[in-house]
Amino acid sequence: MTLDLVLFWIPGAVAIGATVAVITRKNASRALIYLVVSLLAVAVIFFMLGAPFAAALEVVVYAGAIVVLFLFVVMMLNLGRSSVMRESRWLQPGMWIGPFILVAILAVVFAYAFASVDGVDTKGEMVGPRAVGEALFGEGPYLLAVELAGFLLLAALVGAYHLGRRYLEERRELS
């Protein structure tokens, strides 16, 4: 087994492990932290496959914007105990051990891949930002999917706001 193949399987295993952790966590905030780790692992895989722009998009759009939107909705709904108790649990060091170990593994693999970018056997060609933009927003086959994803995210945000508002109104009526 070559070193490049091993360096491909390590982020793959981290992505699978973090995704399983996302599914099995009962706390939504912890699940979102593992989701960020999973998305970072996929970004490392994209980089290893010779698509650094796709890796950057994965980090900025998914691990950044989408997860922040999810975290915003979770915090906006604020279901359950008070947020002060919840925030104090976030500061416990035990919660961060798993994600830290997985991200440290990804950082080592990414540092090696970035340092020897000429030595990584990608078996593909580089795709630039212009080609990605034209494929997604041009007259290509992905235009409808991008527009539908935007509407879906907007509907999810409006629905979360509506549920959160109704929950807060019911809470005010009870007190």
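Which helix gives the most to the lining of the largest pocket? In this predicted model, the answer is H3, with six residues. Let's look at that pocket, then at the fold around it and at a few residues worth a closer look.

**The largest pocket**

The largest pocket holds about 520 Å³ of space. Its lining is made up of 19 residues, and those closest to the pocket centre are Leu57, Val61, Tyr62, Leu136 and Val146. Helix H3 spans residues 52-77, and it is joined by helix H6 (129-137) and helix H7 (143-174), each of the three supplying at least two lining residues. Seen by domain, the lining takes at least three residues from domain 1 (3-124) and at least three from domain 2 (139-175). If you are thinking about the chemistry of the lining, the split by class is 17 nonpolar residues, one polar and one charged.

**The chain as a whole**

What is the secondary structure around this pocket? The chain has seven helices and zero strands, so to speak an α-α-α-α-α-α-α pattern when read along the sequence. Of the 175 residues in the chain, 23% are buried. Among contacts with a separation of 6 or more, 71% are between residues 24 or more positions apart. The accessible surface of the chain is about 11800 Å², with carbon and sulfur atoms accounting for 73% of that area.

**Three residues up close**

Here are three C-alpha pairs that lie well apart in sequence, with their separations in sequence and in space.

| Pair | Apart along the chain | C-alpha separation |
|---|---|---|
| Proline 11 and valine 109 | 98 residues | 7.7 Å |
| Serine 29 and methionine 75 | 46 residues | 8.8 Å |
| Phenylalanine 114 and valine 44 | 70 residues | 10.0 Å |

Proline 11 is found in helix H1, which covers residues 3-24. Is proline 11 buried or exposed? Proline 11 counts as buried because its relative accessible area is 0%, below the 20% cut-off. Beyond its neighbours within four places in sequence, proline 11 is in contact with Ala41, Val44, Ile45, Leu106 and Val109. Val109 is thus both a contact of proline 11 and its partner in the table, at 7.7 Å between C-alpha atoms.

Serine 29 sits in helix H2, residues 28-48. Serine 29 is buried as well, because its relative accessibility of 5% is under 20%.

Phenylalanine 114 belongs to helix H5, which runs over residues 97-115. Is phenylalanine 114 buried or exposed? Phenylalanine 114 is exposed, because its relative accessible area of 55% is over the 50% cut-off. Its partner in the table is valine 44, with 10.0 Å between the two C-alpha atoms, and Val44 is also among the contacts of proline 11.

Key
Residues numbered from 1 in each chain as written. Predicted model: local features only at pLDDT ≥ 70, side-chain atom pairs only at ≥ 80, totals over all residues. Heavy atoms only, no water. 1 Å grid on protein atoms, 1.4 Å probe; cavity = no way out; pocket = protein on both sides within 12 Å on 5 of 7 lines; lining within 4 Å. Points joined across faces, edges and corners; volume = space filled by probe spheres on them. Helix = DSSP H or I, 4+ residues; strand = E, 2+ residues; numbered from the N terminus. Nonpolar A, V, L, I, M, F, W, Y, C, P; charged D, E, K, R; others polar. Domains from an automatic or database assignment. Buried < 20%, exposed > 50% of the residue type's maximum accessible area, 1.4 Å probe, protein only. Contact = heavy atoms within 4.5 Å. Areas by Shrake-Rupley, 256 points an atom, 1.4 Å probe, with all protein chains shown as cover.
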